[in-house]
Amino acid sequence: MYNPLAITGYTPALAAAFCEQISQGLSPLSVSRLPGFPSITTVYKWRREYSEFNEAVEIALAIAGDVLAFESLEIADHISDDYKLVVRRDGSTEMVPDQDTIGRAKIRVDTRLKMAGKLNRKQWGDSKQIDIDATLAVTMLSDEEIDRRIAAANSIIIEHEGTGNEDET
């Protein structure tokens, strides 16, 4: 959607205001549609051209992930609309679960949690982590040293073959 009031000139103040809106849970696309904010294409241009803006957007998106995750908890905890009053044929009334409302709340929770995981993968994402504690030693060898080591390895192989014990290592 074209925003005729979109701003194209970068300023740190506008960048901060844009990121503030994102950190409140609005998507970059939604913010770009607001009057006084840059279009989404301008936002992507700024992200390429201004590393500080790109970093600020990344932080704002991670915060937005937190907002979405916490909103999902609020939605799940909100149960006042989960029941509806049903009038029976005999005139009696009964509170029964409103499956439509519960289903919609489930979709809202699931969608927010999925987006939270994408926006802040470290905090909310479904990921598997393997911690490796290792040291890698890299040695630069001269061509002469490589040749010397190959010759030494070959002589060990030749000695081993000469003993008639090919099955031993």
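pLDDT is the predictor's confidence in each residue, on a scale from 0 to 100. The model here is a predicted one, and its protein chain comes out at an average pLDDT of 86, with 89% of the residues scoring at least 70. Broken down by element, helix α1 (residues 12-23) has the highest mean pLDDT, 96, while helix α6 (residues 121-124) has the lowest, 81.

As for the overall layout, the protein chain has 7 helices and 2 strands. Read from the N terminus, the order is α-α-α-α-β-β-α-α-α. Of the 169 residues in the chain, 21% are buried. The exposed surface adds up to about 13,000 Å², and carbon and sulfur atoms supply 55% of that. Turning to contacts, and counting just the pairs at least 6 apart in sequence, 54% join residues at least 24 apart.

Helix α3 (residues 40-49) gives a handy close-up. Its buried residues include Thr42, Val43, Trp46 and Arg47. These four sit on the same side of α3, because the arc they cover around the axis is only 145°. The pattern fits helix geometry: an α-helix has 3.6 residues a turn, so residues three or four places apart point the same way. What, then, covers the buried residues of α3? The cover includes α1 and α4 (51-77). Over on the face of α3 turned away from the buried side, Thr41 and Arg48 are exposed. Two arginines of this helix thus part ways: Arg47 is buried, whereas Arg48 is exposed.

Technical notes
Residues are numbered from 1 along each chain as its sequence is written. This is a predicted model: local features need pLDDT of at least 70, side-chain atom pairs count only at pLDDT 80 or more; totals for chains, interfaces and linings use all residues. Side-chain values use heavy atoms; hydrogens and water are left out. Buried means under 20% relative accessible area, exposed over 50%, partly exposed in between (1.4 Å probe, protein chains only). Contact means heavy atoms within 4.5 Å. Accessible areas come from the Shrake-Rupley method with a 1.4 Å probe; for residues, only the protein chains shown count as cover. The arc is that of the directions from the helix axis to the C-beta atoms.
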